[in-house]
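Open the viewer and keep the selection box at hand. The tour goes stop by stop, each time giving what to select and what is there.

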Amino acid sequence: MGKSKPVDWEQNLKEEFLRWDHLSQYGGSDPFWSDGVNLNLVRNHIIYSKRELEKAIQSEEGLPEIYYRETPPEVDEDYYVDSGRIRDKAVLILDQYLNHEDFQFLITVLPTITKEENKITSIKNVVGYVTGLAISIKDGDLSVMRRHVLGYEGYMESFVTCAQKMKALRSSPLKDGEQISIFSMDRESGR
């Protein structure tokens, strides 16, 4: 095995400060963790890099200028850089979901679905995305709201796909005892 290249702790520290600066100004795109959690993680990387620089240099005179930059403060873990924008966008997205033609179809047929139809289409999960967003807006859960802001197209596509599967199921009469599979549905819908 070859020796691994030694870590350039000065460069590492510069990169961590750049990461902190960008994240603290623009926020992140992590769908599961807040900006506060991610800022604190980068802060810990900065502290670690400074310690490693101290070990590597072992004299105060040799420490680079970046070492003396103040370590960022710890941030509240529930902090989001642009919470108002996230909330406003989530409200607009919820409205688009609720008015989407395929979503309207899904909530119309939802009360009449069978267990097999739900298993094949996942209709309850798909409708649940919208319910989940509505609850997150009501409760102020910015993590879920940001997940919808970032993944908006995927959620909209799930309405289309689910509605296509439901329509294929409902328009394809089955013979007694016959079951439809997801694979045959994909063939029927042209996939």
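How many helices and how many strands does the protein chain have? Colour the protein chain by secondary structure: nine helices and zero strands appear. Helices here are DSSP runs of H or I with at least four residues, strands are runs of E with at least two, and both are numbered from the N terminus.

Before going on, note that this is a predicted model, in which local features need pLDDT of at least 70, side-chain atom pairs count only at pLDDT 80 or more, and totals for chains, interfaces and linings use all residues. Residues are numbered from 1 along each chain as its sequence is written, and side-chain values use heavy atoms, with hydrogens and water left out.

**Whole chain**

Select the protein chain and show its surface. About 12,300 Å² is exposed, and carbon and sulfur atoms supply 52% of that area; accessible areas come from the Shrake-Rupley method with a 1.4 Å probe, and for residues only the protein chains shown count as cover. Of the 191 residues, 37% are buried. Buried means under 20% relative accessible area, exposed means over 50%, and partly exposed is in between (1.4 Å probe, protein chains only). Among contacts in the protein chain with a separation of 6 or more, 74% join residues 24 or more positions apart; contact means heavy atoms within 4.5 Å.

**Helix α7**

Select residues 142–150, which form helix α7. Is this helix mostly covered or mostly open? Helix α7 is mostly covered, with seven of its nine residues buried. The buried ones are L142, S143, V144, M145, R146, H148 and V149. Their cover includes α2, α3, α6 (123–139) and α8 (152–171).

Now pick V144 in helix α7. V144 counts as buried because its relative accessibility is 17%. Leaving aside neighbours within four places in sequence, V144 is in contact with G132 and S136. For a distance check, select the C-alpha atoms of V144 and A134: they are separated by 9.8 Å, and the two residues are ten apart along the chain.

**Salt bridges**

A search of the whole structure finds nine salt bridges. A salt bridge is a side-chain nitrogen of Lys or Arg within 4 Å of a carboxyl oxygen of Asp or Glu.

Stay on α7 and select R146 with D35: they form a salt bridge whose closest N and O atoms are 2.8 Å apart. The pair links distant parts of the chain, with R146 in helix α7 and D35 in helix α2, 111 residues apart. R146 is buried at 4% relative accessibility, and D35 is buried at 1%.

Next select D21 and R69, another salt bridge, with closest N and O atoms 2.6 Å apart. D21 lies in helix α1 (residues 9–26) and R69 in the loop between α2 and α3, so the pair ties together parts that are 48 residues apart in sequence. D21 is partly exposed at 28%, and R69 is partly exposed at 32%.

Then select E52 and K55, a salt bridge with closest N and O atoms 3.1 Å apart. Both lie in helix α2, three residues apart, about one turn of the helix. E52 is buried at 14% relative accessibility, whereas K55 is exposed at 53%.

**Last stop**

Select D78, in the loop between α2 (35–57) and α3 (83–99). Is D78 buried or exposed? D78 is exposed, because its relative accessible area is 64%.
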